[in-house]
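Subject: Handover of a structure and notes on it

Dear colleague,

I am passing the structure below to you, together with an account of what was found in it. Please read the notes with the coordinates open beside them.

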Amino acid sequence: TAPRAQVKGIRANKREPGAFISQAIAECKQELRNVDPYVKAQAVRKLTYLQMMGYDVSWASFAIVETMSQARFAHKRIGYLACSLVLDQDDQLVILIVNTMHKDLVSNNVLEVVAALQTACKLINPDTIPAVLEDIVKLLEHREPIVRKKAVMALHRFHQIDPESVSHLNDKVRRALCDNCLLYT
């Protein structure tokens with residue numbers, strides 16, 4: 001079923017959603033085995049909705065990471081959203097995510113860069129900060145104000161996680177915070 005059909009089905013079965021949810025999860029498991037990236041991305045999208053409703057979909061973590069690393073941004077965006085909702089800093093797949101983020105942080109597509117920065121704020125841990133820190137520092141001078149803003153936010157989050165890892169960047173972050181473009185985006 002399409003994501004809209006899933007929402008309609010859940011609403012139609014408000015009193016007893018268990019059977020419908022079980023069927024929807026079984027369909028998603030089947031769709032995740034499909035090689036078509038569109039089908040897999042739609043399954044991850046449906047699972048993201050179920051996660052937001054309180055159902056555990058952590059069993060699909062690897063498929064989520066696969067979707068996040070797709071070439072098309074439409075799929076990548078679904079994967080990044082699901083990743084930030086389903087996984088946490090302590091998940092073992094964070095290492096794979098860091099490699100994908102590293103690739104997207106140097107992308108020419110601003111949307112990919114922003115998606116990677118937002119996920120970095122949620123999933124980076126003290127062990128993985130060094131892997132993306134240099135790329136994020138370079139983004140403080142990006143041509144797009146939204147990217148600079150997200151880079152500052154990521155560095156602030158890194159400071160909360162491990163202050164020592166970013167203490168040498170205080171002056172660069174201060175200069176970035178004084179950027180007038182950041183105030184109005």
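At 2% relative accessibility, does K46 count as buried or exposed? With a value of 2%, K46 counts as buried, since the cut-off for that class is under 20% relative accessible area. Please keep in mind throughout that this is a predicted model, and that every value quoted here was computed from it.

The overall fold

The protein chain has twelve helices and zero strands, and its pattern, read along the sequence, is accordingly α-α-α-α-α-α-α-α-α-α-α-α. Its C-alpha trace spans about 55 × 35 × 30 Å along the principal axes, and 46% of the 185 residues of the protein chain count as buried.

Salt bridges

A search of the whole structure finds five salt bridges, and three of the pairs are described here, beginning with the one made by K46. K46, which is found in helix α3 (residues 37-52), forms a salt bridge with E31, and the closest N and O atoms of the two are 2.9 Å apart. The pair links distant parts of the chain, given that E31 belongs to helix α2 (residues 18-32), K46 to helix α3, and the two residues are 15 apart. Both K46 and E31 are buried, and the side chains of the two residues also make a polar contact, again at 2.9 Å.

Helix α3 takes part in a further pair through K40, with which E66 forms a salt bridge whose closest N and O atoms are 3.1 Å apart. Because E66 lies in helix α4 (residues 61-68) and K40 in helix α3, this pair ties together parts that are 26 residues apart in sequence. The accessibility of the two partners is not alike: E66, at 28%, counts as partly exposed, whereas K40, with a relative accessible area of 13%, is buried.

The remaining pair to mention is formed by R174 and D171, with the closest N and O atoms 3.1 Å apart. Here both residues sit in helix α11, and because they are three residues apart they are separated by about one helical turn.

The largest pocket

R174 also appears in the lining of the largest pocket, in which about 190 Å³ of space lies. Rolling a probe the size of a water molecule over the atoms shows where empty space is left. Which residues line this pocket? They are V152, M153, L155, H156, H159, V166, L169, N170, V173, R174 and L177, and they divide into seven nonpolar, three polar and one charged. Helices α9 (145-161) and α11 (170-177) each supply at least two residues of the lining, and α9 gives the most, with five residues.

Cysteines

How many disulfides does the count come to? The count is zero. The sulfur of C28 has its closest cysteine sulfur in C83, at 17 Å, which is too far for a bond, since a disulfide needs the two sulfur atoms within 2.5 Å. C121 is likewise in no disulfide, with the nearest cysteine sulfur, that of C83, 13 Å away. Both positions fall in the buried class, C28 with a relative accessible area of 0% and C121 with one of 17%.

Two buried residues and their C-alpha distances

Two further residues may be of use when you look through the helices. L105 lies in helix α6 (residues 94-105) and, at 2% relative accessibility, counts as buried; L105 and H75 are 30 residues apart in sequence and 17 Å apart in space, taken from C-alpha to C-alpha. V147 is found in helix α9 and counts as buried at 0% relative accessibility, while its C-alpha atom is separated by 18 Å from that of L123, a residue 24 residues apart from V147 along the chain.

With kind regards

Definitions and conventions. Residues are numbered from 1 along each chain as its sequence is written. This is a predicted model: local features need pLDDT of at least 70, side-chain atom pairs count only at pLDDT 80 or more; totals for chains, interfaces and linings use all residues. Side-chain values use heavy atoms; hydrogens and water are left out. Helices (H or I, at least four residues) and strands (E, at least two) are DSSP runs, numbered from the N terminus. Buried means under 20% relative accessible area, exposed over 50%, partly exposed in between (1.4 Å probe, protein chains only). A polar contact is a pair of N or O atoms within 3.5 Å; within protein, one must be able to donate a hydrogen and the other to accept it, and residues adjacent in sequence count only if both atoms are side-chain atoms. On a 1 Å grid over the protein atoms alone, a cavity is a set of points where a 1.4 Å probe fits but cannot get out, and a pocket is an open set with protein on both sides within 12 Å along at least five of seven lines; lining residues have an atom within 4 Å of a point. Grid points are joined across faces, edges and corners, and a volume is the space filled by probe spheres set on the points. Ala, Val, Leu, Ile, Met, Phe, Trp, Tyr, Cys and Pro count as nonpolar, Asp, Glu, Lys and Arg as charged, and the others, Gly among them, as polar. A salt bridge is a side-chain nitrogen of Lys or Arg within 4 Å of a carboxyl oxygen of Asp or Glu.
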